[in-house]
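Please look over the sequence and the structure shown here before reading on. The paragraphs that follow lead from strands and sheets to helices and then to the nonpolar cores.

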Amino acid sequence: MIKKYPFSTRVAKAMMAATIALTPIVTTAGVFGTEQAEAAYVQIKDHFKDIPAFEEYAKSIKNLAKGDSDSADEAVYMKLSSKIDSADWNTLLAPVLQGNDQAKKDAVIKLLELQVKIYTGSYNEGELQTFIDEYGDVFGTQSAADYLQYLELVEAALYEEVSDNLASFNSDPTYALVSGLIDAVKGVEYKGIDNIVADVLVVTDPAVKETAGNLKSAFLTEDFTVDELKLAVMNAGLAWMSLYGKEVSSGGGGGSIPNPDPDPVPDDDGEVDSPSTPGAQVEVTPAIVTSNTGAVTATIPQSLQAQIMSHVTVQTPEVKITLPAVAQGQAATLSIPGSLAASVKSAAPNAAITVTGPAGVNYVIPINKMNLGSISAGSLKITIKPATPSERSALVSKVTAKLKGTSAASSETKAAVLVGNVTMPAPAVTVELEAVVGSQTIPLTTFGDIYVQREFPLSGTIDTNRTTGVTITSDGTVKALPTTFKTEDGQQKAVVSSLFNSDDTYTVLQSNVTFPDVNNGTNWAEKYIESLASKFIVSGTTAGTYKPDQDMTRSQFVFLLSRALGLPDTTAYDKRFSDVKGDEWFNTNGEFMAAVKYGVVAGKPNGTFAPNDKVTRVEAAAMIGRAMELGFISFDDSELDSTKKLSSFKDVKEIGASTRAEVLKVYQAGIMSGASNGEFNPNEYTKRDQMARILAEFLMKADLMEDIK
């Protein structure tokens, strides 16, 4: 079990760099030559150059292990930290101690306690100096420089142990940490410290297992479960690993120089195209396995996981994994280890994992917002299949037929008469997402109340006013999705947000819909109406007109707001309203119930919803205001115009107290305004053209739709 350090390439280079004065050079991440690697190690030794630098490094591990102040991870980590501080280390470490020299025993116990605290992010400022003052005589030196050099060599040895046994760390991080740490402390030879350790520390597999068991027993109480302990130790261990070999700035956090790995990873195991500047994305080419049926599967072996993590910093915004091209009609599958996702989340709290599939379509997995839960011990499996040219053509034909000829169940879903060509300026794909935990494979239809983004490369000239991301069923039924646009490296892309993952086809459509009673300036809201109609959010009447002056009903407004947000189909109607059966046109696909579930709408005090009542301006404002508060809506409150006050309206007293907060927010956001006579007119009805403007302004302000030009 015991290794004598330093024998490995990594540790040898660390020692060499510690004794050779080289001029620091600016390096980029990747596989370095010998001279570059040695120079880089001189740079990364900064966090061991003196005690203040080390304290800053230890603080960075703690901060990264804790995560965001409002995250569940922090709560779990804080339990671990408090239990470590209160642990009885004499009892915990008894199985690996020998001999009768109590002074030596106490020194080694304190040394191991100090090490455990460092690598679990539980180290407290001043503990290293206290250790040196109390036990320096036992170890034969009170030089801080000696202890810092020793700690660095132990760190290099421990990192190698954990990196070489990632599977063990993922399955049982507590045992892996204890085993690796004791192995490293016992194996590092430095200025006689190892002789004192050898006199006291006895290392056998049973003793190490018993010690790890003692740690678990000490921490596992009624308020700290096995899963929480595993998560806390893994969070802390991954935080340390992500910071290993990186300079730590004076303000804490991640550094700028990735840990060089002088041993190249074979091409068959994949590779990392590392960033040349701090904070850039990390690009990964996974290992590729092609079956005899032509199916393409991409994997991320442990060696590649370690290489990826050596390049991830706190500032990394994205880990981008690119799948290979596939033949027509074929799919590419990627298995992302849950441990890698957890590692990236711990090391780079704001990062996402982006999978670039065949045809250049990106699927962005928002691990920064996700509770990975049991996935951490399993994997995420994603399969992306591009549609063939003939399949895309067939879908366009079906959608066009639906628009021009097929009616749905209500006046809000009737086809418009003036429908131009429908085109598909992007690839079309199906995406299958599964969680694999043990022997179970579980389809994932959602990551919770989080918008997941798909990015589609666009071809030709795109009118963003009339283009949107959609899902298309096999019969041509379209569901609009919130869509914005961006340009990267000269390539225009549609960024399509969705709260769900279905087996329908995802793509981007461009259409040109208008109405005779709106077109050519006939109505003041023409640009809003035509844009929303072309994006499959609003539609016309049975007569092929829009009827902009017609009043909206409450059910119509709820239906359109639900559709504009792309709310997912939800559970069956719960019969909460006495005047809604649940099978009405406005809940055909769960639109109404979804809006109720997310708290966008509420009923009347008497238990009814009054679906056919006309919706007033204050009711419309209240619904929009509640939608702005949804957790997955990224509206920036700092953009509110706080100079706007409800008291400026002459009829402010007519705005009920229960809706004033929502009305104020909608007013300050510029989504709704008052009349020219200085009144808000809260009890007036909302017309169809007014609704189009309100809905469009909300979507634009919430960054769910491109600004209408």
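Two strands are said to pair if DSSP finds at least two bridges between them. With that in mind, and remembering that what is shown is a predicted model, we can begin with strand β9, residues 379–386, which pairs with β6 in the antiparallel sense over 6 bridges. Within this pairing, Pro337 stands opposite Ser379 in β9. Strand β6 also pairs with strand β4, residues 296–299, but here the sense is parallel and the pairing runs over 3 bridges; in that pairing, the partner in β6 of Val296 is Ala332. As for its surroundings, strand β6 covers residues 332–337, and because 5 of its 6 residues are buried, β6 is largely enclosed by the rest of the structure.

Elsewhere there is an open sheet of 8 strands, in which the pairing is mixed and the order is β1-β2-β5-β7-β8-β13-β17-β16. Which strands form the edges of this sheet? They are β1, residues 271–273, and β16, residues 483–488, each of which pairs on one side only. From one strand to the next, the twist averages 25 degrees. Helix α14, residues 302–311, lies across β1, β2 and β5, and runs at about 15 degrees to β1.

At the other end of the strand order, β16 is joined by 6 bridges to strand β17, residues 491–498, and the two run antiparallel. These two strands form a hairpin with 2 residues between them, and Asp489, which sits in the turn, has a positive phi of about 50 degrees. Two pairs of residues can be used to follow the hairpin in the display: Thr487 stands opposite Gln492 in β17, and the bridge partner of Thr484 in β17 is Val495. Strand β17 is also joined to strand β13, residues 452–457, by 6 bridges, again with the strands running antiparallel, and in this pairing Phe456 has Ala494 of β17 as its bridge partner. Since 6 of the 8 residues of β17 are buried, this strand is largely enclosed by the rest of the structure.

Turning to the helices, α3 covers residues 51–66, and its length can be checked by a short calculation. At 1.5 Å a residue, the 16 residues of α3 should span 22 Å, and its end C-alpha atoms are 22 Å apart, which agrees. The N-terminal end of α3 is capped by Asp50, of which a side-chain oxygen lies 2.8 Å from the backbone nitrogen of Ala53. Is helix α3 mostly covered or mostly open? It is mostly covered, with 12 of its 16 residues buried, and the buried residues include Ile51, Phe54 and Leu64 as well as Glu55, Glu56 and Lys62.

Helix α21 likewise has buried residues of several kinds, namely Glu662, Val663, Lys665, Val666, Tyr667 and Gln668. What covers these buried residues includes α20. Helix α21 is followed by Gly670, whose phi is positive, near 80 degrees.

The nonpolar cores come next. In soluble globular proteins, nonpolar side chains tend to be buried together. In this model, the largest nonpolar core has 82 residues, among which Leu565 and Phe698 touch the most other members. At least two residues of this core are supplied by each of α16, β14, α17, α18, α19, α20, α21 and α22, and the largest share, 8 residues, comes from α22. Leaving aside neighbours within four places in sequence, Leu565 is in contact with Tyr451, Pro482, Ala627, Leu630, Ile633, Phe698 and Leu704. A second, separate core has 63 residues, including Ala107, Leu111, Val116 and Tyr147.

The last stop is a loop residue, Thr545, whose place is between α17 and α18. Is Thr545 buried or exposed? Buried means under 20% relative accessible area, and because the relative accessibility of Thr545 is 18%, this residue counts as buried. Apart from neighbours within four places in sequence, Thr545 is in contact with Phe515, Pro516, Asp517 and Gly540.

Terms used
Residues are numbered from 1 along each chain as its sequence is written. This is a predicted model: local features need pLDDT of at least 70, side-chain atom pairs count only at pLDDT 80 or more; totals for chains, interfaces and linings use all residues. Side-chain values use heavy atoms; hydrogens and water are left out. A nonpolar core is a set of buried Ala, Val, Leu, Ile, Met, Phe, Trp, Tyr and Cys residues joined through side-chain atoms within 4.5 Å. Buried means under 20% relative accessible area, exposed over 50%, partly exposed in between (1.4 Å probe, protein chains only). Helices (H or I, at least four residues) and strands (E, at least two) are DSSP runs, numbered from the N terminus. Contact means heavy atoms within 4.5 Å. The expected span of a helix is 1.5 Å times one less than its number of residues. A polar contact is a pair of N or O atoms within 3.5 Å; within protein, one must be able to donate a hydrogen and the other to accept it, and residues adjacent in sequence count only if both atoms are side-chain atoms. Axes are lines fitted to C-alpha atoms, for helices over the stretch in contact, and angles run from 0 to 180 degrees between N-to-C directions.
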